[in-house]
Amino acid sequence: SSPSVPPPPPPVVVTKENQFLYRFCEEYIYLRCLADGVEVLESEHEYEEAVMLLRLILDFPLFKPEKRGYWFNRMAVDLQHLKRKEEALQVTETCLEQERHLMRRSDVVTLEKRLTKLHVPPRRWKHLAVSSLYMSSLIPCRHITITGERIKQQSFGANNNTTTAGPQKTRWKNKKTGDTCSVEDCVLSHFEVESGWEGTHCEGAIMRAVFTLLMWDVIFGPTSQHVFQTRFQNVPLDIGTSNFFFSREDKIIGRMQQLKQMTTTERLHELQQTYKNNYGCCCLGIDWENAQLPWLTAFVEYLTASSLCGLLYEVARYYNMSGFPDLVMWHHEKREIKILEVKSPNDTLSE
């Protein structure tokens, strides 16, 4: 007799509580294709079609809720290209009123800036209370301008002919070694030579590693959700989604309080012990070869407890580290930390 065929598994029912499973559904794959299609249409100036796709994507609230603010902003931009500024203003207002709690802070700031530009007569006669906006509570960053020696470059085409097509990263002279380097390494060498600072160009890698080590038991501990389906996972399935924070909110807040009550020595001991006990373990968030323990130690030691916990909270809430400043620097004598975003003369700062 032929072997019996096992019944198919039951369909996955996705809700807000197990939203992290949504990316394993066919619907999610189709929506990702549509999201990629929006970028293609915008690059071809097909704004009407891009708006149509964005409206369709936003009809599915479980699809990447953390990106809804970004998509609403893209819709407003496309509507402005179509000279439909009233509609662009309505989209911006609706998003800020109804979606603010789901949005990344950078998207909130971007949309509020767009609101201030669109909220003018004759579209709106009522004065906009800018002081009530989130962006008005932000403390401006200190700007530092340094000089360096830029290395002239020539780019070559297929036939070794010089060409200037396409953007090209600038190259600079390292003030310590004299070698050619990136603008970030040029800034590192400047502070090292001029002021005795040390640091690394990591773009969030140190912050992510510190978060993983200090929150190890929260990340890999038991939860009510089925976030660990196999023993071979290097991360819970809900990392990077709103489920990660809200299903562990009590544990995360409790851990923050615990870290704040510790002395600096106790926090360093926990960091170092977790590092040594789990060194080499395959887990998302730590590149063991590049996450040097002295760097992580300096980061935890020289930050105040409230600053450290504030950063850990942000990572827990919005795990995606895109946009984190380029450089992390420390000064052992001053016992201080610098977190720097570097821009060359031909680059601009994004939100």
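Contact here means heavy atoms within 4.5 Å. With that in hand, select Asn278 and look around it: leaving out residues up to four places away in sequence, Asn278 touches Trp216 and Trp288. Asn278 sits in helix H11. Buried or exposed, this Asn278? Buried means under 20% relative accessible area, and Asn278, at 17%, therefore counts as buried. Keep in mind throughout that you're looking at a predicted model.

**Zoom out**

Now show the whole chain as a cartoon. You should be able to pick out 13 helices and 8 strands. The C-alpha trace spans about 65 × 60 × 55 Å along its principal axes. Of the 351 residues in the chain, 42% are buried. If you like contact maps, take the contacts with a separation of 6 or more: residues 24 or more positions apart account for 59% of them.

**The largest core**

Next, colour helix H7 (205-214), then add helices H8 (216-220), H9 (242-246), H10 (249-261), H11 (264-278), H12 (293-302) and H13 (305-317), plus strand E7 (327-331); each of these supplies at least two residues of the largest nonpolar core. That core has 45 residues. Which element gives the most to this core? It's H7, with 7 residues.

Put sticks on Val210, Phe211, Leu296, Phe299 and Leu312, the residues with the most contacts inside the core. Then centre on Leu312. Setting aside neighbours within four places in sequence, Leu312 is in contact with Met207, Val210, Phe211, Leu214, Met256 and Leu259.

There's another one to find: a second, separate core of 33 residues. Val38, Leu53, Leu111 and Leu133 are among its members, so to speak, and make handy things to click on.

**The H3/H4 pair**

Select residues 68-81 for helix H3 and 85-98 for helix H4. The two axes come within 8 Å and cross at roughly 165°. Angles over 145 degrees count as roughly antiparallel, and H3 and H4 therefore run roughly antiparallel to each other. Their crossing is left-handed.

Who meets whom here? Show side chains for both sides of the contact:

- From H3: Gly69, Phe72, Met75, Ala76, Leu79 and Gln80.
- From H4: Glu87, Ala88, Val91, Thr92 and Cys95.

By type, the residues of this contact divide into 7 nonpolar, 3 polar and 1 charged.

**Backbone oddities**

Last stop: the loops. Most residues other than glycine have a negative phi, and most peptide bonds are trans. Here are some exceptions to click through.

Start with Lys83, in the loop between H3 and H4. Lys83 isn't a glycine, yet its phi is positive, at about 65°. The side of the story you can see on a surface view is that Lys83 is exposed, with a relative accessible area of 70%.

Then go to Lys64, in the loop between helix H2 (47-58) and H3. Phi of Lys64 is near 45°, again a positive value in a residue other than glycine. Lys64 counts as partly exposed, at 23% relative accessibility.

Finally, jump to Pro122, in the loop between helix H5 (105-118) and strand E1 (150-151). Is the peptide bond from Pro121 to Pro122 cis or trans? Check omega: the value is near 5°, and the bond is cis.

How values were computed
Residues are numbered from 1 along each chain as its sequence is written. This is a predicted model: local features need pLDDT of at least 70, side-chain atom pairs count only at pLDDT 80 or more; totals for chains, interfaces and linings use all residues. Side-chain values use heavy atoms; hydrogens and water are left out. Axes are lines fitted to C-alpha atoms, for helices over the stretch in contact, and angles run from 0 to 180 degrees between N-to-C directions. Helices (H or I, at least four residues) and strands (E, at least two) are DSSP runs, numbered from the N terminus. Angles under 35 degrees count as roughly parallel, over 145 as roughly antiparallel, 65 to 115 as roughly perpendicular and the rest as oblique. A crossing is left-handed if the near helix is turned anticlockwise from the far one by less than a right angle, and right-handed if clockwise. Ala, Val, Leu, Ile, Met, Phe, Trp, Tyr, Cys and Pro count as nonpolar, Asp, Glu, Lys and Arg as charged, and the others, Gly among them, as polar. A nonpolar core is a set of buried Ala, Val, Leu, Ile, Met, Phe, Trp, Tyr and Cys residues joined through side-chain atoms within 4.5 Å. Buried means under 20% relative accessible area, exposed over 50%, partly exposed in between (1.4 Å probe, protein chains only).
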